[in-house]
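Here's a quick briefing to read with the model open beside you. Take it one topic at a time and find each residue as you go.

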Amino acid sequence: MSGTLTPTNLRADYLVNPMGIQSGAPLLSWELSGDGRGLRQTAWQVEVASSPDALTAGSANLWDSGKVVSGKQSGIAYEGVPLESRARASWRVRTWDGTDQPGAWSQPSHWEVGLGGGGLGVFRVADWSAKWISLPMAPDDPLPGGINEGLDALVPTTLVRRPFTVQRPVRRARLYVTARGVYEARINGAIVGDHTLAPGWVDYNRRQPYQVFNVTDLIADGDNVVAATIAPGWFSGYVGWRDNSRHYGTEAQFLAQLEIEYDDGETDRVATDQDWRASDGPARYADLIMGEYHDARLDPTGWDAPGFDDSDWRRVRVSTPNSAVLVGDLSEPVRALEVIEPVNRIAVDDRTVIFDLGQNIAGRARITVSGPAGSIVRLRFAEWLQEGTLYTENLRRARATDTYVLAGGGQETWEPRFTFHGFQYVELSGDPDVIATATAVGRFVGSDTRRVGHFECSDDRINQLYRNIVWGQRDNFLSIPTDCPQRDERLGWTGDAQVFIRTATTTMDVMPFFRKWMVDVIDAQRADGAFSDVVPNAVILTHSAPAWADCGIIAPWTLWQVYGDTRIIDDCWDAMVRYLDNIERRNPDGRWVNDRGNDFGDWLSIDANTDKELIGTGFWGYDARLMAEMARATDRHDAAARFEAMHRRVAEAFVAAYVAEDGTIRSGTQTAYLMALRFGLLPDHLIPLALEHLVADIRARGTLLTTGFVGVSYLCPVLTAHGHADAAWDLLFQDRFPSWLYPVAHGATTIWERWDGWTEHKGFQDPGMNSFNHYSLGSIGEWLMASVAGIDTDPEAPGFERVRITPLVDHRLDHAGATYDSIRGRIASSWRRDGETIHFDVTLPPNTTATVRLPNPGGAPVIEGSVPVETAEGISGVRARDGVTELVIGSGSYAFRVG
Ligand code: BGC
């Protein structure tokens with residue numbers, strides 16, 4: 001009998017057919033499809049060859065793993081012939097399901113190795129012959145309206161170009177390309193690839209990510225041109241607050257190597273060097289925070305194609321390389337994704353019109369206008385309107401203004417390419433004739449992470465909250481996890497990322513995104529081991545704030561739990577150990593007293609002040625516990641014992657210093673109780689007492705929360721885990737201030753930075769810090785997925801190898817549910833009530849099992865399909881206890897009925 005499982009969605013290093021792989025041993029993974037219940041993968045075989053044809057002809061000339069008896073389907077390291085720069089590896093996989101015969105081979109997939117410069121593969125430095133080129137730029141003269149006044153780092157974009165000829169048939173061509181700054185590359189008039197703001201943000205002093213594009217089809221017979229536009233981006237433009245710029249250098253630079261392989265096997269290279277020519281671009285400046293000024297009259301038509309006369313273009317400057325390592329990009333690119341049509345056009349006066357997108361986004365506006373040459377249209381952006389005009393105070397010093405100067409002669413459509421804004425409203429102003437017919441749409445820009453989770457229930461307010469969580473994430477995952485997309489900040493705050501990462505994993509596949517950012521986190525680590533408050537560490541340059549710096553431990557732990565990948569632990573291990581060593585060295589008595597850096601506390605809590613030393617000590621204890629778990633998962637037995645002991649010691653110090661015999665905890669805040677309960681710091685006898693105090697505080701306030709960034713993500717999970725799901729539900733449905741639904745009731749389309757960003761009694765908060773697009777308080781998303789829909793991983797079998805299905809039912813909802821595309825494939829769980837009966841539908845992908853816990857307070861018989869669960873196929877271990885029917889299922893779809 002032949003096997004029933006077919007591998008699908010093959011990925012290498014979590015990406016589909018990636019190019020530019022820098023690791024010698026990328027991690028392979030696949031999902032499985034197959035019908036029926038209880039399907040298991042009992043063995044796998046991977047074949048890797050230098051071409052798909054070799055593969056199908058049965059010649060696995062790079063690696064044949066042979067039959068490996070194992071249920072693993074992710075995190076499988078390539079162990080074949082070491083691959084050289086540029087090598088392309090085609091691979092396929094088949095699996096066994098317990099029967100003698102294997103299932104069918106998967107469709108072939110591939111990965112391609114990048115160019116030398118570090119990593120574990122076989123690389124040669126000679127692989128790179130390209131040189132960094134640039135055109136020194138001075139700031140422009142004052143532009144109309146004084147728009148660039150006082151902003152020295154606003155310089156024109158640079159165009160670079162290089163003609164070349166091709167005289168033989170081309171077999172393959174690749175463009176290896178990057179910028180210190182941001183770039184858009186072109187070949188023969190066509191934009192290469194569909195990335196924007198590439199190469200993204202890292203610490204360019206240490207690391208320089210590059211992209212690889214397959215450009216075979218763009219190369220022409222005869223005359224060709226390779227070209228690019230470069231802009232300052234994060235490298236030399238404005239980043240962070242108070243007009244901070246030029247963090248890494250003074251001018252944007254470009255590096256590209258076009259490699260052409262001919263049919264006859266010969267190769268050619270066109271690499272950036274002194275022979276390239278450069279000119280100012282039509283954008284008189286293009287800056288992430290300040291905006292873009294594009295004069296379409298200056299567009300040198302045809303500059304990126306053959307036949308253009310560049311005799312008056314200038315010679316480029318060639319710079320010496322710095323010590324940064326060139327690395328193939330590890331994460332999903334930033335892309336300009338969907339177009340958002342406005343829901344409203346508001347004519348302010350005959351020179352001004354506002355378009356309302358109906359959704360707060362990160363991105364740009366695309367305008368269509370017509371009018372005479374030289375007519376100027378100005379675009380301004382805001383998250384809110386106040387008395388019919390844009391509310392821009394909360395943008396602080398982000399000018400967030402685009403300017404378009406018309407070329408004239410018909411309809412013109414323009415969208416900037418080297419900036420982004422955070423906005424729901426875009427205002428166009430200019431000559432009345434132009435404004436009368438002007439139109440605008442929104443264009444969302446963000447890291448193109450794959451959507452994996454969808455939650456839905458019968459209450460539209462909760463659905464809107466969920467949409468706000470997802471939008472808050474999309475708007476802020478732009479190369480790095482930023483705090484906000486609108487004001488002069490947009491930094492990778494580690495605390496924000498730490499509290500939100502688990503929620504982030506429930507909506508998008510964020511493994512490549514965070515694997516890349518964890519490298520940045522380690523790059524930003526202080527010499528003594530302290531992790532940084534923002535990553536990449538620009539503007540702030542401080543480290544070690546509790547709950548921020550702890551991201552360096554919590555993020556890898558979360559990624560391991562969700563994706564089952566222990567390589568992330570190995571990659572971060574030394575940095576994590578250094579981090580805890582440093583805290584321990586400076587704090588000999590087990591409380592985090594010294595070196596708490598910026599010590600933000602429970603940031604933006606409301607009417608509650610949690611002791612900061614307590615927060616620090618709590619996180620230290622938590623980190624130690626997570627380290628012990630990660631040590632066990634990677635067979636580091638001594639370390640496991642050491643960190644367990646550290647956890648116990650810190651927990652004891654915590655209790656001795658802050659916890660009284662009646663279970664009250666210093667500060668008495670919800671966050672203090674939540675941390676103690678969540679971090680496993682309390683001895684058993686104090687747990688119920690601490691819980692009582694927590695619930696009493698919530699109830700005494702009229703069922704209101706007080707938590708800030710630090711405590712908020714633990715609120716509903718801790719209450720639920722300790723038998724107080726009713727309080728969690730009540731908080732969810734609360735719509736009085738402060739609550740999750742308060743902003744929803746007042747028109748929010750994203751998560752706000754502050755509970756009181758806007759209130760009926762006070763209006764807008766202090767514009768000095770009041771973003772309407774910050775994801776942290778949206779960390780309740782993990783509870784919607786794990787508890788309301790009921791889908792979670794089992795900590796004992798990470799990566800959803802064993803799933804926990806624990807739906808919670810509440811009388812205020814008729815139905816709720818979610819689907820989640822885990823690393824092992826799609827999991828679904830939903831429930832709906834029908835009178836006294838509750839239906840639970842559960843689907844698991846092959847090669848997983850789940851412990852299902854169905855609420856059943858009356859102890860009613862549980863039916864699956866049309867038979868009692870006890871006799872249903874694929875179900876085992878049925879038992880009833882504490883008002884719950886518990887059972888174990890294998891893969892497949894199940895329809896349960898209770899009552
Ligand atoms: C950021 C926050 C960050 C905080 C730390 C703010 O300016 O926007 O998200 O965590 O500072 O103090």
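The structure holds 0 disulfides, a disulfide being a pair of cysteine sulfur atoms within 2.5 Å. Keep in mind that this is a predicted model, where local features need pLDDT of at least 70, side-chain atom pairs count only at pLDDT 80 or more, and totals for chains, interfaces and linings use all residues. Residues are numbered from 1 along each chain as its sequence is written, and side-chain values use heavy atoms, with hydrogens and water left out.

**Cysteines without a partner**

- Why does C572 not form a bond with C551? The closest cysteine sulfur to that of C572 is in C551, and at 10.0 Å it's too far for a bond.
- C572 is also buried, with a relative accessible area of 2%; buried means under 20%, exposed means over 50%, and partly exposed is in between (1.4 Å probe, protein chains only).
- C716 has a similar story: its closest cysteine sulfur belongs to C457, 13 Å away, so that's too far for a bond.
- C716 is buried, with a relative accessible area of 2%.

**How confident is the model?**

- The protein chain averages a pLDDT of 96, and 99% of the residues score at least 70; pLDDT is the predictor's confidence in each residue, from 0 to 100.
- Residues 117-124 are a patch to watch, as pLDDT stays under 50 there.
- The model has 29 contacts beyond four places in sequence for residues 117-124, a contact being heavy atoms within 4.5 Å.
- Where pLDDT is low, don't read the predicted coordinates in detail.

**Nonpolar cores**

- A nonpolar core is a set of buried Ala, Val, Leu, Ile, Met, Phe, Trp, Tyr and Cys residues joined through side-chain atoms within 4.5 Å.
- The largest one here has 174 residues, and those with the most contacts inside it are W573, M630, W740, W783, I889 and F896.
- Helix α9 (residues 612-633) gives this core its largest share, 11 residues; helices (H or I, at least four residues) and strands (E, at least two) are DSSP runs, numbered from the N terminus.
- Another core, of 31 residues, lies apart from it, with L175, A198, L258 and Y262 among its members.
- What does W783 touch, not counting residues up to four places away in sequence? Its contacts are C716, P717, T720, A728, W729, L732, V788 and L808.

**Salt bridges**

- There are 68 salt bridges in the structure, each one a side-chain nitrogen of Lys or Arg within 4 Å of a carboxyl oxygen of Asp or Glu.
- R186 and D304 pair up through their side chains at 2.7 Å, N to O.
- R186 sits in strand β13 (residues 182-187) and D304 in the loop between β21 (291-295) and β22 (314-315), so this pair ties together parts that are 118 residues apart in sequence.
- Both R186 and D304 are buried.
- R297 and D295 form a salt bridge too, at 2.8 Å, N to O; R297 is partly exposed, with a relative accessible area of 48%, while D295 is buried at 2%.
- In a third example, the side chains of R443 and E415 meet at 3.0 Å, N to O.
- R443 lies in strand β34 (residues 439-447) and E415 in the loop between β32 (411-414) and β33 (421-429), so they tie together parts that are 28 residues apart in sequence.
- R443 counts as buried at 16% relative accessibility, and E415 is buried at 13%.
- Salt bridges with shared partners link R88, E112, R171, R172, R174 and E261 into one network.

**Two buried polar residues**

- N463 belongs to helix α4 (residues 460-476) and is buried, with a relative accessible area of 6%.
- The side chain of N463 reaches the backbone oxygen of C457 at 2.9 Å.
- S29 lies in strand β3 (residues 27-33) and is buried, with a relative accessible area of 3%.
- Leaving out residues up to four places away in sequence, S29 touches N9, L10, R11, Q73, S74, G75, W91 and I823.

**Backbone oddities**

- The peptide bond from V535 to P536 is cis, with omega near -5 degrees, and P536 is in the loop between α6 (511-523) and α7 (551-563).
- R246 isn't a glycine, yet it has a positive phi of about 55 degrees.

Notes: A polar contact is a pair of N or O atoms within 3.5 Å; within protein, one must be able to donate a hydrogen and the other to accept it, and residues adjacent in sequence count only if both atoms are side-chain atoms.
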